[in-house]
Amino acid sequence: MDAASCPSCSAPLTGNRCGGCGAAARAGAFRVLSMLAQSPHGRTYRAEGPTGMVALKEMVFALVPTAQQLDAFEREARLLRSVSHPQIPRLIDSFREGDGPSLRLYLAQELVDGGPLSSRIGIDEAEARVIARQLLTILRYLHERGIVHRDVKPANILRRPDGTLALVDFGAARAVEGVTHGATLVGTFGYMPPEQLGGTVDATADLYALGATLVHLVGRKAPEDILGPDLELRLDHLNVSPAFRAFLGRLTARKRASRPASAVEALLALEAPAPGSRPIRPRLLVAAAAAIAVLASIVLPWIAMQKTMNALTASPGANAERVQRAQLEAFERELTEPSKPAPPPPPPKSDHRDVSMGRLLSGAKLRELDPGLPSCYQRAGIELARVRTWPGLKAMQLKLVLHSQEVACDWLPLEVTAFADGRRALHSSGTMGETPREGWRDILYNFELPEGVDVVRLDLASPTRPLESWRIDLGRREVRRVGYALAGRVEVASARISTASGCARLERGAVERLWIEQEPRKRLHARAAFATRKDTKEPCAHQSHFALLDSRDTSSSTARLDSDRTVTFTLPLPDGRNRLRVGLGETRATAILRVDLQAATAEREALAAVTP
């Protein structure tokens, strides 16, 4: 045993790996000293090996790794072996340990003594230019060898004490020739150009990511927070020179054709003056000013004389003197009166408006709603972070954050639909998301927002069932939950439902979806699916329905056949009560549900004959 405690959680060690958190104490020929970083897909250690100190990257898997994951590991190792640059950490070794779900993949690289640029947010333009020159030099080296990094961002750029930079983490890097279409989506949202979201990658993707990195470092705002709904990166908050703003604008252009075609072209653009300006040597400024003063003393009197002569020759006759005097007075006013200032520009319109939601749906509750979800969701969650609107652009965006503390836990695909008042669906303009990192992932849902819409409803659903619904008053910035699912499943032996031609008898079913709708009045919606259906022409003697038990409210439910063997029951609920007993039956309850609105659960009560 090489260490007394785990380098990650400090728990006592009894072998080469911590039994608590799974971190390594030794891997291959390397002795782990400390933890440098951790993500959902693995860890990076500071380790000591035969050649000295290294950064040891460990990739772990919850299940047996797929062929695609193994290929990605081999590709990263192969790319690192093929490069030799002082600002790219040298690959020292790559190896595997274990089998099946216990398989661990390792890359040992030269250890860079320095911190990430993500710790230097808020630099000035001069430092940003130095960073740009160094990174463009590194990217030029890679691109000339057909390698695109695909994940340039502050966290992947290390700064040594002497100011030199190192580009790290080639897990997303790929060898490409020209433009590649249909590539796997990797990278970090906000730093990726729009086309990379669709699988199109070339060298300009790295140039865009560099531009987004510089914008973040100088402007203090993450790229994802300054993206418009058209995916155009906004630069109006930057305090930089016009020349540098123009340079950043070219790097982060939405269209690939508008960006520099190569790192060399970008280096030339970095040194170019601002559009419409020409460089002036400082020692010529005094001489130029003097020349302008002499020229003005000659030209202005000549202009005055020329205007006077034109006036004298253009107005012959008896009233020539009066016309000349008026023109001379007007010309005198033109020369002596100060020019009128230009009207001030209109005040800028608000860029966007945010409505904070701050709702967290726990993974444990998700598993109650859908037991088919993997067990790792016991420590996962969905955060409804905020709604952002751009009134001038007629656009709206919902930001969700998916959290998971489990390595390699599958992410739950979510569906979001938006409605205006009256249940008019808003057109979706696309969904954007980034690859999971550090236990979380952002997903942005974009919608068109017609003019005059101040209140919207957002419905959130999993692949199998609805989860929650929210009403958002965009003008007042108020958020209210208006619907939510109940956890529970209740078996139903049979049901009779009236049809247009008679009666349908449904058998061997279960209430699988329970939903509480709170607007305009609180209601319970119960969706039951059955295995068989038999129709008769005679009307139903009694129709199955839900009814409240132990309540003065004698309301009963309505029933609607949604499909051949699926029925939705709708039951009005009283206000002010969080615990209810609901019976399902015809003349008497054959199934009783205990509903807890506060806990959002429903469970079957022991069978009892109760007359609704």
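In this predicted model, G115 has R159 of strand β9 as its bridge partner. The strands concerned, β7 and β9 (residues 157-159), run antiparallel to one another and are paired over two bridges. They belong to an open sheet of three strands, arranged in the order β7-β9-β10 and paired in the antiparallel sense. Its edges are formed by β7 (115-116) and β10 (165-167), each of which pairs on one side only. Helix α2, spanning residues 125-144, packs on this sheet and touches β9 and β10; the direction of α2 makes about 40 degrees with that of β10. As general background, strands of a sheet are paired through backbone hydrogen bonds, in either a parallel or an antiparallel arrangement.

Further along the chain, the second largest pocket has a volume of about 370 Å³. Its lining comprises 17 residues, and those nearest the centre of the pocket are P466, R513, W515, E517 and H525. Four strands each contribute at least two lining residues: β19 (455-461), β20 (466-473), β23 (502-517) and β24 (523-536). Among the contributors, β19 provides the largest share, with four residues. For readers who like to think in terms of probes, rolling one the size of a water molecule over the atoms reveals where empty space remains.

Two buried residues are worth a look in turn. The first to be considered here is V490, which lies in strand β22 (residues 490-499). V490 counts as buried because its relative accessibility is 1%, under the 20% cut-off. Beyond the residues up to four places away in sequence, V490 touches A510, V511, L593 and R604. A C-alpha to C-alpha distance of 9.9 Å separates V490 from L514, and the two are 24 residues apart in sequence.

The other residue is R581, located in strand β28 (residues 579-585). With a relative accessible area of 16%, R581 also falls under the 20% limit and is therefore classed as buried. What does the side chain of R581 join through a polar contact? The partner is the side chain of E605, at 2.7 Å. E605 also appears in the wider list of contacts made by R581, which, with neighbours within four places in sequence set aside, further includes A547, L548, L549, D550, I592, L593 and R594. L593 links the two descriptions, as a residue touched by V490 and in contact with R581.

Methods: Residues are numbered from 1 along each chain as its sequence is written. This is a predicted model: local features need pLDDT of at least 70, side-chain atom pairs count only at pLDDT 80 or more; totals for chains, interfaces and linings use all residues. Side-chain values use heavy atoms; hydrogens and water are left out. Two strands pair if DSSP finds at least two bridges between them. Contact means heavy atoms within 4.5 Å. Axes are lines fitted to C-alpha atoms, for helices over the stretch in contact, and angles run from 0 to 180 degrees between N-to-C directions. Buried means under 20% relative accessible area, exposed over 50%, partly exposed in between (1.4 Å probe, protein chains only). A polar contact is a pair of N or O atoms within 3.5 Å; within protein, one must be able to donate a hydrogen and the other to accept it, and residues adjacent in sequence count only if both atoms are side-chain atoms. On a 1 Å grid over the protein atoms alone, a cavity is a set of points where a 1.4 Å probe fits but cannot get out, and a pocket is an open set with protein on both sides within 12 Å along at least five of seven lines; lining residues have an atom within 4 Å of a point. Grid points are joined across faces, edges and corners, and a volume is the space filled by probe spheres set on the points.
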